[in-house]
Amino acid sequence: MSTKQKFGGPWTVEKLNILSDYLNFYTTALKNKDFQLIYIDAFAGTGKIKIGDEDQYEEIAGSARLALQSKGQFAEYIFIEKKKSFAKELEEMIETDFPDKKRLVKIEKKDCNHVLLQICQKVDWHKARAVLFIDPYAADVKWETLEAVAATKAIDVWYLFPFHAANRMMTRSGKIDPSWEAKLNSIFGDNSWRDRFYRDDPQFNLFGTTDKMKDASTKELKQYIEERLSTIFAKVSNKSRILLNRKSSPLFLFCFAVSNTQPSAIALALKVADYILRDQKPA
Ligand SMILES: C[S@@+](CC[C@H](N)C(=O)[O-])C[C@H]1O[C@@H](n2cnc3c(N)ncnc32)[C@H](O)[C@@H]1O
């Protein structure tokens with residue numbers, strides 16, 4: 001992990017507030033329903049996060065801790081954390097601070113794509129409902145994984161779409177390294193981003209052929225990401241939050257997607273998520 005990634009900023013607090021608000025709603029609203037409620041954290045971390053920089057920082061509760069202390073209780077907490085030392089730290093935090101919840105927790109120390117596919121297959125989704133938090137550093141979540149999640153028709157998803165990483169890999173000229181191209185196809189699910197965000201450069205080049213040029217505003221990219229997710233999920237909020245870095249450039253797009261296809265379930269989840277997402281706070 002780079003030094004830069006070790007520290008969060010205002011966007012970190014913003015995403016965690018949103019998650020925490022939704023978990024408090026979820027565990028309260030579904031308390032008396034006959035479902036086994038599961039919290040799945042695909043990029044769980046250690047349970048705490050440093051905000052600031054090397055010289056001055058404070059430590060705040062990370063997503064795993066927030067889930068464990070949410071208003072109501074989940075029947076199961078699945079924390080996926082690939083890095084062994086982080087998983088160990090998380091395990092120790094739970095033993096010390098949440099001993100009564102230890103038996104409800106499963107920590108998976110593998111790649112989240114692999115683990116999520118297994119969870120989607122194994123759980124009886126007629127009896128269970130889940131909230132999945134996807135909080136990657138970059139473009140780590142494969143489209144097939146999201147398809148499997150959507151197919152459960154039982155999981156609400158909060159996904160920090162790697163907006164900055166995607167935008168950076170889509171180079172200005174459209175000449176893109178094959179490995180980046182594959183990554184872009186993997187996060188967007190196909191290569192429709194090419195037609196969407198590149199047009200012919202009106203200036204002919206030396207050889208008389210036209211070059212491509214990128215044309216992708218933040219607003220259009222946001223809309224495209226929501227549209228792509230809508231091709232697999234029953235409903236996607238159109239109020240996804242653009243999380244900005246300290247220089248006010250977009251870092252992530254925090255998206256909310258519902259996989260349940262029942263109109264009443266969609267309406268309730270969306271009403272709450274849209275309410276939580278309503279104001280774009282200055283970063
Ligand atoms: C942005 S941090 C997560 C922060 C955490 N959600 C929180 O609020 O405290 C991303 C975490 O995912 C882990 N990670 C990275 N790639 C992973 C993968 N493919 N599968 C599972 N965990 C991964 C990293 O080790 C890191 O701890």
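Begin by selecting strand S5, residues 76-80, in this predicted model. S5 is mostly covered, since 4 of its 5 residues are buried.

**The partners of S5**

Keep S5 highlighted and add strand S2, residues 36-41, to the selection. The two strands run parallel and are joined by 4 bridges. To inspect one of these pairings, display Tyr39 together with its bridge partner in S5, Tyr77.

Next, add strand S6, residues 105-108. S5 and S6 also pair in the parallel sense, again over 4 bridges. Here the residues to display are Ile80 and Glu108 of S6, which stand opposite each other. As general background, strands of a sheet pair through backbone hydrogen bonds, either parallel or antiparallel.

**The open sheet S1-S3-S4**

Clear the selection and turn to an open sheet of 3 strands, whose order is S1-S3-S4 and whose pairing is mixed. Its edge strands are S1 (7-8) and S4 (57-61), each of which pairs on one side only.

Which residues link S1 to strand S3? Select S3, residues 48-52, and S1: the two pair in the parallel sense over 2 bridges. Phe7 has Lys50 of S3 as its bridge partner, and Gly8 stands opposite Ile51 of S3.

Now move from S3 to S4. These two strands run antiparallel and are joined by 5 bridges. A hairpin of 4 residues leads from S3 to S4. Lys50, already displayed as the partner of Phe7, stands opposite Glu59 in S4. In a regular strand the side chains alternate between the two faces of the sheet.

**Helix H2 and its surroundings**

Select helix H2, residues 10-29. Does its span agree or disagree with its length in residues? At 1.5 Å a residue, the 20 residues of H2 should span 28 Å, and the end C-alpha atoms are 29 Å apart, which agrees.

Show the side chains of the buried residues of H2: Trp11, Lys15, Leu16, Leu19, Tyr22, Leu23, Phe25 and Tyr26. While tracing them along the helix, recall that an α-helix has 3.6 residues a turn, so residues three or four places apart point the same way.

To see what covers these buried residues, add the surrounding elements in turn. They include the helices H3 (63-68) and H11 (263-276). Among the covering strands are S7 (128-134), S8 (155-161), S12 (241-244) and S13 (250-258).

**Helix H6 and the loop after it**

Select helix H6, residues 143-151. Its buried residues are Thr145, Leu146, Ala148, Val149 and Ala150. What covers them includes helix H5 (112-122), S7 and S8. S7 and S8 also appear among the elements that cover the buried residues of H2.

Just after H6, stop at Lys153, which takes a positive phi of about 55 degrees although it is not a glycine. Lys153 lies in the loop between H6 and S8. With 17 C-beta neighbours inside 10 Å, Lys153 counts as partly exposed.

**Two further loop positions**

Ser248 is found in the loop between S12 and S13. Its phi is near 65 degrees, a positive value in a residue other than glycine. Is Ser248 buried or exposed? It counts as exposed, because 9 C-beta neighbours lie inside 10 Å.

Proceed to Asp190, in the loop between helix H8 (178-188) and helix H9 (192-197). Asp190 is exposed, with 12 other C-beta atoms within 10 Å. Draw a distance from the C-alpha atom of Asp190 to that of Arg228: the two residues are 38 residues apart in sequence and 9.0 Å apart in space.

**The ligand**

Select the ligand and the 16 residues that surround it. The closest are Phe43, Gly45, Gly62, Ser63 and Cys112. Colouring the shell by residue class divides it into 7 nonpolar, 3 polar and 6 charged residues.

**Confidence along the chain**

Finally, colour the chain by pLDDT. The average is 93, and 94% of the residues score at least 70. Over residues 1-5, however, the pLDDT is below 50. Beyond near neighbours in sequence, this stretch has 3 contacts in the model. Where pLDDT is low, the predicted coordinates should not be read in detail.

Notes. Residues are numbered from 1 along each chain as its sequence is written. This is a predicted model: local features need pLDDT of at least 70, side-chain atom pairs count only at pLDDT 80 or more; totals for chains, interfaces and linings use all residues. A residue is near a molecule or strand if its C-beta atom, placed from the backbone, lies within 6 Å of it. Ala, Val, Leu, Ile, Met, Phe, Trp, Tyr, Cys and Pro count as nonpolar, Asp, Glu, Lys and Arg as charged, and the others, Gly among them, as polar. Two strands pair if DSSP finds at least two bridges between them. The expected span of a helix is 1.5 Å times one less than its number of residues. A residue is buried if 20 or more other C-beta atoms lie within 10 Å of its own, exposed if 12 or fewer, and partly exposed in between; C-beta atoms are placed from the backbone. Two residues are in contact if their C-beta atoms, placed from the backbone, lie within 7 Å. pLDDT is the predictor's confidence in each residue, from 0 to 100.
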